[in-house]
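User: Could you walk me through some of the side-chain details in this one? I'm new to this, so please explain the terms as we go.

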Amino acid sequence: MTLDRFYPIFDHADWLRRMLPLGVKLVQLRIKDQSRGVVKEQIEQSRDLCRRYGAVLVVNDYWQLAIELGCDWLHLGQEDLDEADLKAIRAAGLKLGVSTHDEDELDRMLSIDPDYVALGPVYPTILKKMKWHQQGLPRVSEWKTRIGDIPLVGIGGMSVERAAGVLEAGADIVSVVTDITLNSDPETRVRQWIEATR
């Protein structure tokens with residue numbers, strides 16, 4: 001299946017309740033610093049919402065719960081990969097997206113045959129303190145050349161206004177967090193994103 005080009009990331013199922021009816025077809029649930037019980041409940045709710053609206057849910061980090069709850073997609077960062085059981089993940093039929101920030105990480109990721117590769121931050125981001133400076137559009141093009149047919153996700157400092165340039169540089173998908181969640185009118189912003197990427 002071809003993944004949608006617009007890939008928002010949210011930290012609560014309530015966001016999915018608001019955004020999936022607008023036409024979001026690919027979404028990541030990224031929850032930090034919550035109990036396993038809370039995370040499990042959030043993944044279950046998000047899984048069911050995505051099934052209802054025909055959207056793809058990507059679970060960030062919690063690979064055991066993703067397997068247990070019958071999810072289809074998982075996203076792992078570099079640190080998460082150190083602890084994850086890739087054999088169990090693949091045996092469960094989960095598709096896997098991974099984060100990369102430099103050449104060494106990309107080489108490591110390609111050796112595990114991911115279903116998409118994320119590169120970031122393309123632009124400066126306020127979401128988390130990173131040791132990497134912005135990658136820029138030339139790096140997006142370089143990464144796309146390196147990974148070939150594997151979908152490339154551009155993330156970091158994304159806005160509707162920057163989406164076209166990132167896609168033109170070679171990204172297949174644009175992932176976004178704060179441009180929606182910190183917007184005074186998130187619903188209108190999501191509609192603008194959908195218009196800009198389809």
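Analyst: Let me start with a definition: a charge sits over a ring if NZ of Lys or CZ of Arg is within 6 Å of the ring centre and within 35 degrees of the ring normal. Please keep in mind that this is a predicted model, in which local features need pLDDT of at least 70 and side-chain atom pairs count only at pLDDT 80 or more, while totals for chains, interfaces and linings use all residues. Residues are numbered from 1 along each chain as its sequence is written, and side-chain values use heavy atoms, with hydrogens and water left out.

User: OK, so which ring does Arg18 lie over?

Analyst: Arg18 lies over the face of Trp15, at 4.8 Å from the ring centre. In another case, the charged end of Arg162 sits over the ring of Tyr123, 4.0 Å from its centre.

User: And how many aromatic pairs are there in the whole structure?

Analyst: A search finds 4 aromatic pairs, where rings of Phe, Tyr and Trp (its six-membered ring) pair if their centres lie within 6.5 Å, and planes under 30 degrees apart count as stacked, over 60 as edge-to-face and the rest as tilted. One of them is the stacked pair of Phe10 and Trp15, with 5.3 Å centre to centre and 5° between the planes.

User: Is Trp15 buried or exposed?

Analyst: Trp15 counts as buried because its relative accessibility is 15%, and buried means under 20% relative accessible area, exposed over 50%, and partly exposed in between (1.4 Å probe, protein chains only). Phe10, at 2%, is buried as well.

User: What about Trp73 and Tyr116, how do they pair?

Analyst: Trp73 and Tyr116 are stacked, at 5.8 Å centre to centre with 20° between the planes. Trp73 lies in strand β4 and Tyr116 in strand β6, so this pair ties together parts that are 43 residues apart in sequence; helices (H or I, at least four residues) and strands (E, at least two) are DSSP runs, numbered from the N terminus. Tyr7 joins Trp73 and Tyr116 in one aromatic cluster.

User: Switching to the backbone, what kind of peptide bond joins Gly120 and Pro121?

Analyst: That bond is cis, with omega about -10°, and Pro121 lies in the loop between β6 and α7. For background, most peptide bonds are trans, and most residues other than glycine have a negative phi.

User: Then which loop holds Asp33?

Analyst: Asp33 is in the loop between β2 and α2, where its phi is positive, about 55°, although Asp33 is not a glycine. Asp33 is also exposed, with a relative accessible area of 77%.
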